[in-house]
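Here are my notes on the model, point by point. Have the structure open while you read.

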Amino acid sequence: MDSDPPFEEYYEVLFKGSLVRAVKINDAEECELPVIDMSSLNSEQVERQNCIEKMGEAAREWGFFQVVNHGIPREVLESMLHEQRKLFYEPFTNKCKENFLNLSANSYFWGNPKATCLRQFSWSEAFHIPVTDISRMDGSRSLRPAIEAFVNAATTLAQSLAEILAENIGVKTSFFKENCTASSSYVRMNRYPPCPVSSQVYGLLPHADSDFLTILYQDQNKGLQLLKDGSWVGVRPNPEALVINIGDFFQAFSNSIYKSIEHRVVVPQEVERFSMAYFYCPSYEAIVESHIKPAKYRNFSFREYKQQIQKDVETTGDKIGLSRFVL
């Protein structure tokens, strides 16, 4: 397809035989994440409390869980996936244009121009869009209203989940309502094209998210894996569910009661895979602090955290993350 990024041609030196054999991604045992039925939150007190506790347990033990009856209409999700496919099927030369969709030049990215070996390479393409940029997208396209509908619903869901998880550790706060508006969050649309060397490269490199919560909608092709008790496990897709994961900020907020877990995406060999994620973030100046004492982390702002990540990536090649803010 002329829509596909030219991975092997552009990164030819990385894909020479001797280098390809240097990396091997092991198969992971498949699992099903804990499933939370959010309709139970509207039930009697005992059932509601059981639901909250189940969610908190998943956030502690897994750092990931799934939600059903989450309030985002199926037609919103299906419309978003349909528009996302159309977007990625645009000619590659169009997607690379500086003003494509009237977005900033760095909204679209693919592969990894800084990779020096296959272990650092991502066989994927993505649009990473701040919510504040959506309003200036090309108004003639049906993508914009689809993203807006998804963002509006995802923001409501994320705030609800954040407040419930805070309640579960005994914290009642207006922090999320006041500091985590849609305007401070991001949407990322991902496509993982079929890969002829799928056992040697990642679709998305191992990482933990720098946010409070991530809401992920994915198609039914496998690929998402997370690190559980020192081993990688594959997440079995659930067509009725959204995947929720705890980010670094919620780990700090909860004083490490909730875990921001490393995860990755392995790339399919014969099929393409799509996903879209909503990253629930605070404003750049909002102060993240541990709400359980004695605190394990010093207070920091989102801006400070992002600046530290950028500095670490430039000097070490990796995001170091929360360990930089341990007291």
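1. Start with helix 4. Its buried residues are Val76, Leu77, Met80, Leu81, Glu83, Gln84, Leu87 and Phe88. Note that Glu83 and Gln84 are on that list along with residues such as Leu81 and Phe88. As background, an α-helix has 3.6 residues a turn, so residues three or four places apart point the same way. Bear in mind throughout that this is a predicted model.

2. Does the length of helix 4 come out as expected or not as expected, at 1.5 Å a residue? The helix covers residues 74-88, and its 15 residues should span 21 Å. The C-alpha atoms at its two ends are 21 Å apart, so the expected and modelled spans agree.

3. Just after helix 4 comes a proline worth a look. Proline 91 sits in the loop that links helix 4 to helix 5 (92-95). Its relative accessible area is 28%, so proline 91 is partly exposed. Leaving aside residues up to four places away in sequence, proline 91 touches Asp2 and Ser3. Glycine 223, by contrast, is 132 residues from proline 91 along the chain, and their C-alpha atoms lie 25 Å apart.

4. Now the 8-stranded sheet. This is an open sheet with mixed pairing, and its strand order is 2-3-11-8-13-6-5-4. Strand 2 (35-37) and strand 4 (108-110) are the edges, each pairing on one side only. From neighbour to neighbour, the strands of this sheet are turned by 25° on average, direction ignored.

5. Within that sheet, have a look at strand 5 (residues 125-130) and strand 6 (residues 186-192). The two pair in the antiparallel sense, over 6 bridges. Which residue of strand 6 is the bridge partner of phenylalanine 127? It is methionine 189. Helix 7 packs on the sheet and touches strand 3 (64-68), strand 5, strand 6, strand 8 (213-218), strand 11 (242-246) and strand 13 (273-280). The direction of helix 7 makes about 55° with that of strand 13.

6. Helix 7 also meets another helix. The axes of helix 3 (residues 45-61) and helix 7 (residues 143-168) come within 9 Å and cross at roughly 90°. Angles of 65 to 115 degrees count as roughly perpendicular, and helix 3 and helix 7 are therefore roughly perpendicular to each other. On the helix 3 side the contact uses Arg48, Ile52, Glu53, Met55, Gly56, Ala59 and Arg60. Helix 7 brings in Leu161, Ile164, Leu165, Glu167 and Asn168. By class, the residues of this contact are 6 nonpolar, 2 polar and 4 charged.

7. The other sheet to check has 5 strands. This one is open too, with mixed pairing and the order 1-10-9-12-7. Its edges are strand 1 (29-31) and strand 7, each of which pairs on one side only. The twist from one strand to the next averages 35°.

8. Strand 12 (residues 263-266) deserves a point of its own. Which partners flank strand 12 in the order 1-10-9-12-7? They are strand 9 and strand 7. Strand 7 (residues 202-207) pairs with strand 12 in the antiparallel sense over 3 bridges. Here histidine 207 stands opposite histidine 263, and tyrosine 202 stands opposite valine 266. Strand 9 (residues 224-228) is also antiparallel to strand 12 and joined to it by 3 bridges. In that pairing, histidine 263 is the bridge partner of leucine 226.

9. Are the faces of strand 12 covered or open? Both are covered: His263 and Val265 on one side are buried, and so are Arg264 and Val266 on the other. I'd look at Arg264 in the viewer, a buried residue of this strand.

10. Last, some backbone details. Asparagine 102, in the loop between helix 5 and strand 4, has a positive phi of about 65° although it is not a glycine. Asparagine 255, in the loop between helix 9 (248-253) and strand 12, also has a positive phi, about 60°. Asparagine 102 counts as partly exposed at 39% relative accessibility, while asparagine 255 counts as buried at 7%. Finally, lysine 293 and proline 294 are joined by a cis peptide bond, with omega about 0°. Proline 294 lies in the loop between strand 14 (287-288) and strand 15 (300-301).

Notes. Residues numbered from 1 in each chain as written. Predicted model: local features only at pLDDT ≥ 70, side-chain atom pairs only at ≥ 80, totals over all residues. Heavy atoms only, no water. Axes fitted to C-alpha atoms, helices over the stretch in contact; angles between N-to-C directions. Helix = DSSP H or I, 4+ residues; strand = E, 2+ residues; numbered from the N terminus. Parallel < 35°, antiparallel > 145°, perpendicular 65-115°, else oblique. Contact = heavy atoms within 4.5 Å. Nonpolar A, V, L, I, M, F, W, Y, C, P; charged D, E, K, R; others polar. Pairing = 2+ DSSP bridges. Expected span 1.5 Å × (residues − 1). Buried < 20%, exposed > 50% of the residue type's maximum accessible area, 1.4 Å probe, protein only.
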